[in-house]
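Q: Could we go through how some helices pack in this model, and then look at a pocket?
A: Certainly; the structure comes first.

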Amino acid sequence: MFAIFRCPATWRIAALLAACMTLCACATQTVQTPPVPELRDHPRYDIESVDLLGMSTEMRQFVEAQARGHNLDDDRAWNLAYAMLDPFVLDFTYDPQVTLTAREAFRTRRGNCLTFSNMFVAMAREAGLNAWYREVEVPPEWSSIDDTLLVSMHVNAATAQRGREYVVDVSRRRARDGERVRRLSDHEAEAMFYNNLASEAIAREDYNTAYWLLRKTLELTPNDAGPINTMAVVHRRVGDLAKAEEIYQYGIRYLDDKVSLLRNYRVLLEQQGRMDEVAQINRKLTLLDDPSPFDWMHAGHSAYEDG
C-alpha cells in the first residue's frame with residue numbers, strides 16, 4: 001500500500017512505510033542532494049533537462065496580439081490573463097493527468113494546472129511582466145483507489161502591474177479569505193514537473209524511469225520529503241527493502257516533514273514483523289497533528305484483513 005498525493009498541479013507519492021527514529025524538535029538543516037542508492041538490476045537512464053518556460057514563435061505572436069495589440073501598454077497583465085482564460089481565444093482544456101512544458105502546453109492546448117502555470121509565467125515574462133508560481137493550500141479531498149491514498153493540492157500563477165496583482169488559475173476557483181499561499185521559485189516548479197512525470201512512471205510500473213526522474217527532482221529540491229518518500233516506494237517496488245529503509249532513515253534524520261516519513265516507514269516495518277518498532281512510531285505519531293484520514297483507513301484495512 002502506498003499513497004499518491006495527486007493534485008491538479010503536482011503529484012506526490014508517499015510510500016506508507018515507517019521507521020523507528022527519534023523525533024525531536026531541531027533546527028532545519030541545509031543538505032545537499034541526498035545520497036540515494038542505485039536502483040538494483042536497472043540500467044542508467046539519463047534525464048535531459050527541460051526548458052520549462054521556453055517560448056515558441058506562435059507563443060510570441062499570441063503575446064504580441066493579446067497583451068500588446070490593444071495599444072494599452074498599462075493593461076498588458078489584464079489583457080493577457082483574460083485572453084488565456086477565454087475559451088474563445090486560447091481554448092485550453094484542463095486535464096489533471098497531463099504535465100507539459102510551456103511550449104507543449106500552448107501547442108496542445110491541454111494540461112494540468114502546473115502545465116497552465118508554466119505557459120502563463122512564460123508568456124507573461126515575454127510581455128515584460130513579472131510573473132511567478134503560487135502553491136495554494138486548498139481543502140483536502142481524500143480518496144482511496146487500489147490501496148492508494150489520493151489528496152488534492154493546487155498551483156496557479158500570478159503577475160503584477162501598477163501595484164495590482166492578477167492571479168491566473170486554470171481551475172477558475174475563487175480565492176478564499178485567509179487562504180495560505182506560497183510563492184514558488186522556478187526551481188521548485190521544475191522539480192514538481194519531474195516529480196509529476198515520476199508519479200506517472202510508477203503508475204505504469206516503469207520504476208527505472210521513475211527512479212532517474214526522482215534523482216533529477218532531488219537535485220533541484222533536496223529538502224523535499226515528497227520525492228524522498230517516492231524514491232523509497234521505487235526501491236520497495238523492485239524488492240530492495242534495505243535500500244528503502246536507508247532512504248527513510250536519511251529523510252527522517254535531515255528533513256522537516258517527519259510525519260509522512262515516519263508513517264511511511266511504519267508500514268515497511270509492519271511488513272517485516274518488527275512490531276516493537278512499529279509501536280514506538282505509533283506513540284510518536286499520536287503526538288503529531290495530521291489531517292489525513294490514513295490512520296482510520298489503515299485501521300479499517302487491518303481489521304478487514306484480520307477478519
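Q: What is the handedness of the crossing of H1 and H4?
A: The crossing of H1 and H4 is right-handed, meaning that the near helix is turned clockwise from the far one by less than a right angle; anticlockwise would be left-handed. Helices (H or I, at least four residues) and strands (E, at least two) are DSSP runs, numbered from the N terminus.

Q: Is this an experimental or a predicted model?
A: This is a predicted model: local features need pLDDT of at least 70, side-chain atom pairs count only at pLDDT 80 or more, and totals for chains, interfaces and linings use all residues. Residues are numbered from 1 along each chain as its sequence is written, and side-chain values use heavy atoms, with hydrogens and water left out.

Q: At what angle do H1 and H4 pack?
A: H1 (residues 57-66) and H4 (residues 113-126) pack at about 60 degrees, and their axes are 10 Å apart. Axes are lines fitted to C-alpha atoms, for helices over the stretch in contact, and angles run from 0 to 180 degrees between N-to-C directions.

Q: Which residues meet there?
A: Met 59, Arg 60, Phe 62 and Val 63 of H1 meet Met 119, Met 123 and Glu 126 of H4, where contact means heavy atoms within 4.5 Å.

Q: How are H6 and H7 arranged?
A: H6 (residues 207-220) and H7 (residues 225-237) pack at about 155 degrees, with axes 10 Å apart. They are therefore roughly antiparallel, the term for angles over 145 degrees. Their crossing is left-handed.

Q: And what about H9 and H10?
A: The axes of H9 (residues 258-271) and H10 (residues 275-285) come within 9 Å and cross at roughly 155 degrees. That makes H9 roughly antiparallel to H10. The H9 side of the contact includes Val 259 and Leu 262, and the H10 side includes Ile 281 and Leu 285.

Q: Changing topic, how much space lies in the second largest pocket?
A: About 380 Å³ lies in it. On a 1 Å grid over the protein atoms alone, a pocket is an open set of points where a 1.4 Å probe fits, with protein on both sides within 12 Å along at least five of seven lines; lining residues have an atom within 4 Å of a point. The volume is the space filled by probe spheres set on the points.

Q: Which residues are closest to its centre?
A: Of the 17 lining residues, these are Leu 85, Val 167, Val 168, Asp 169 and Arg 173. Strand E9 gives the largest share of the lining, five residues.

Technical notes
Parallel < 35°, antiparallel > 145°, perpendicular 65-115°, else oblique.
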